[in-house]
Every structure is written in C-alpha cells, then in structure tokens.
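Visitor: Hi, I'm new to this one. Can you walk me through it?
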Amino acid sequence: RIHRTLPAGNVLVFLTGQREVVQLCDKLREELCGGEARKVQVLALYGMMSEEQQRAVFAACANASSSKTHEARATRSIVVSTNVAETSV
C-alpha cells in the first residue's frame, strides 16, 4: 500500500530472521515488480551477508535517491532487513 499511495521515497522493513526477509522479498518482487508505473527495487539485508554485500544495498538506495534522471528518481527502494544487519554495518 505504501508503494502505491505515497510519494517517492525509500522504505525500510524490519523482520526477525533471514528466512522471513528472503520470503518477503520474493513476495514483494512478485507483486510489485511487474508493470508498476513507479519502478521498485526490493533489497534484502541480513547479518549473514558479507559487509560488501550489505554496503551494496545502501549504495543501490543512495544511487536511486540521488540520481538526476527522471526514471531513476521514480524508483523506490524497499529494504527488507533484520535488526542484526542494521547493527553490523
């Protein structure tokens, strides 16, 4: 609902474990990534990822937010994360 009704901006979702993160990411990709007027990138973030992989998630969000092209600005990043990942970066 947030993606379809609110203005541009990124979304951060916290869940309890890696399995839940992966499952929600899969579900969001199925529901939101096919033909939306506003493009969306769904990104997983959890503690078992390498530091490099975790930093790549933040870089992807920053690139979408700061881009000067209309298409990139129209992209919303949804980061689905565990709280362990939040503290490990």
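Guide: Sure, and keep in mind that this is a predicted model. Let's start with D26, which forms a salt bridge with R29. Their closest N and O atoms are 3.7 Å apart.

Visitor: Where do D26 and R29 sit relative to each other?

Guide: Both are in helix α2, which covers residues 18-32. They are three residues apart there, so about one helical turn separates them.

Visitor: And how accessible is each of the two, D26 and R29?

Guide: D26 has 38% relative accessibility, so it counts as partly exposed. R29 is partly exposed too, at 35%.

Visitor: OK, how many salt bridges are there by this rule?

Guide: Two. R55 also forms one, with E51, and there the closest N and O atoms are 2.9 Å apart.

Visitor: Which helix holds R55 and E51?

Guide: That's α3, residues 51-66. The two are four residues apart, so again about one helical turn lies between them. R55 is partly exposed at 45% relative accessibility, and E51 is partly exposed at 47%.

Visitor: Back to α2. How many residues does it have, and what does it span?

Guide: It has 15 residues and runs 21 Å from first C-alpha to last, close to the 21 Å expected.

Visitor: Which residues of α2 are buried?

Guide: V21, C25, L28 and L32. Looking down the axis of α2, they fall within an arc of 70°, so they line one face of the helix.

Visitor: What's on the face turned away from that buried side?

Guide: That face of α2 carries R19 and E30, which are exposed.

Key
Residues numbered from 1 in each chain as written. Predicted model: local features only at pLDDT ≥ 70, side-chain atom pairs only at ≥ 80, totals over all residues. Heavy atoms only, no water. Salt bridge = Lys/Arg side-chain N within 4 Å of Asp/Glu carboxyl O. Buried < 20%, exposed > 50% of the residue type's maximum accessible area, 1.4 Å probe, protein only. Expected span 1.5 Å × (residues − 1). Arc of directions from axis to C-beta.
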